Amino acid sequence: MQVWTENVIQHSHGAICCSLTFYMGKGAMWWALTNVTFFTKACQIFVKIILMTWLIPLLVYLGQLRAQLGTTPNIKHIVVGRCYDYITLVNPSLRYDCEEIWRQFEEAVLLQSSCNVTVENYHPMFYAIPQKWPCDRSLFWSKTRTLMHSYAAAVPHFWTLEDTLVGFMFNDLIWCGQDARPGFDFSSCPAWSACRNHPVYSLWRQASQSFAEMACGNITVLLNGSIVNAFDRKSMLGSVELDSLNPHRVDYVNIKVVANLDGPYIESCHQGSIMDLIQILQSRGFHWTCTDNDQTLMILQCIQDPKHPSCQTYAANLTQRKSLTSE
C-alpha cells in the first residue's frame, strides 16, 4: 500500500490549515483528512475544489485503468462475431462452427488458473480450425506493426498472422480467468511478465508457431532499423517463428530493414542484430536476401509525411531517373 500526504493550503504565517492523506491499495483508493485545522472558510472551499478537480478525476482514471487491464468487455460477442465475419466475408470457403470454437477457447482459459494456461491447453481449439494459405505470401515482422499493416495493405498478396482466423478473432483482445470462481476476470489480468504461462501469450505463441510452420516459398521479414536489437531472440519472431520455419518448405527469407525517416539509423543488413539473424538462417540452411532501401516501404513512409526532406530528395531522384529513361 502506498501512502502520501498533501498539504492543501497554508496560513499566511505558514501554518498548515489542512492536510490530506491518501492511501493507494490494489484496485482501490481512499483518502482521509488528518491534522485538520480550518483557519478560514476559504480553506474549506479550497479543499472542496481540490477534491473535485484533482482527486475525483484521478479516481475515474484509476477505474478506467483497471477496466483496461481486465478481460476485454463483451469478449464473447467480439470473438464469435469476428469468427462469423471471417467465414462469411473474409474467407467464405471455410466451414467452421464459431460457437464450438468459443466453447473450446473457454475450456482452455477458464479451467486453469489465470497464470497457468499453457500452449497445450489451446491445442484442441487449434486442431479444430486447421487453415492453409498459399505460398510466397507470408509476412513476418517485429517492432514494425504500424508499417507492417500499411505494407500489407499496399501489397495485397501478403498474408500476416492477423489475417489467419485465430489472429483475426483475438487481435488486440485481453483475457484471463478468475482463481476464486469460474468465469473471466473483467477487473484485472496479470501482466505478461508476471506469468510463465500467461493466457494471452500462450495463445499467440501457438498461433505464431502454426503460422510459421505453414510458411512456404518466399517469405518476407520486416524489421525496424531505428532501434537496437531490431532482431530480438526473445521476441515472438526470434523465439517462436524463426525456429518453426522449415528450410525444406521455405525457398527464400527476404529481410527488409526500414528506419524511421528521421532516424536514427542504428541497424542495417550489414550491422547490428540483423547480422545475427542472417547467421542463424545460414546455419539452418535457408537462402536469404536483405535490403535496407526498399522503395515501397520508403513511399509508404513518405505518404505519411510528404514534406519530409528525405521524401523530397527521394521524389527528385525518382523524377530524374524517369526523365533519363524516357530520353
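Six disulfides turn up when the whole structure is searched. Keep in mind that this is a predicted model. Three of the six are worth a walk-through, and then we can turn to the strands and a few odd backbone spots.

**The disulfides**

Start with Cys135 and Cys216, which are joined by a disulfide with an S to S distance of 2.0 Å. Cys135 sits in the loop between α4 (123-128) and β4 (139-142), while Cys216 sits in the loop between α7 (199-213) and β5 (217-224), so this pair ties together parts of the chain that are 81 residues apart in sequence. The torsion about the S-S bond is about -105°, so the Cys135 to Cys216 link is left-handed.

Is each end of that link buried or partly exposed? Cys135 is partly exposed, because its relative accessible area is 40% and the partly exposed class falls between 20% and 50%. Cys216 has 7% relative accessibility, so it counts as buried, the cut-off for that being under 20%.

Next come Cys176 and Cys189, another disulfide, with S to S at 2.1 Å. The link has -90° about its S-S bond and is left-handed. Cys176 and Cys189 both lie in the loop between α6 (165-170) and α7, so the disulfide ties together parts that are 13 residues apart in sequence. Both of these cysteines are buried.

The third pair is Cys302 and Cys311, whose sulfur atoms are 2.1 Å apart. Cys302 is buried, and Cys311 is too.

Here are the three links side by side:

| Pair | S to S distance | S-S torsion |
|---|---|---|
| Cys135 and Cys216 | 2.0 Å | about -105° |
| Cys176 and Cys189 | 2.1 Å | -90° |
| Cys302 and Cys311 | 2.1 Å | about -95° |

**The strands around β6**

Now follow the chain into β5, the strand that comes after the Cys216 loop. β5 and β6 (250-258) run parallel and are joined by eight bridges. Along that pairing, Ile219 stands opposite Val253 of β6. Together, β5, α8 (236-244) and β6 make a right-handed β-α-β unit.

What does β6 pair with besides β5? β6 also pairs with β7 (residues 287-291), in the parallel sense and over five bridges. Val253 shows up again here, with Trp288 as its bridge partner in β7. To get from β6 to β7 the chain passes through α9, and this β-α-β crossover is right-handed. β6 itself is mostly covered, with seven of its nine residues buried.

**Odd backbone spots**

Most residues other than glycine have a negative phi, and most peptide bonds are trans. A few places here go the other way.

Asp172 is not a glycine, yet its phi is positive at about 65°. You'll find Asp172 in the loop between α6 and α7, the loop that also holds Cys176 and Cys189. With 56% relative accessibility, Asp172 counts as exposed.

Asn229 also has a positive phi, about 60°, without being a glycine. Asn229 is in the loop between β5 and α8, so look within the β5, α8 and β6 unit to find it. Its relative accessibility is 40%, so Asn229 counts as partly exposed.

Finally, which peptide bond is cis? The one from Gly263 to Pro264 is cis, with omega near 0°. Pro264 lies in the loop between β6 and α9 (273-283), on the path that the chain takes from β6 to β7.

Definitions and conventions. Residues numbered from 1 in each chain as written. Predicted model: local features only at pLDDT ≥ 70, side-chain atom pairs only at ≥ 80, totals over all residues. Heavy atoms only, no water. Disulfide = S-S within 2.5 Å. Helix = DSSP H or I, 4+ residues; strand = E, 2+ residues; numbered from the N terminus. Buried < 20%, exposed > 50% of the residue type's maximum accessible area, 1.4 Å probe, protein only. Pairing = 2+ DSSP bridges. Right-handed = clockwise from strand over helix to strand, strands pointing away.
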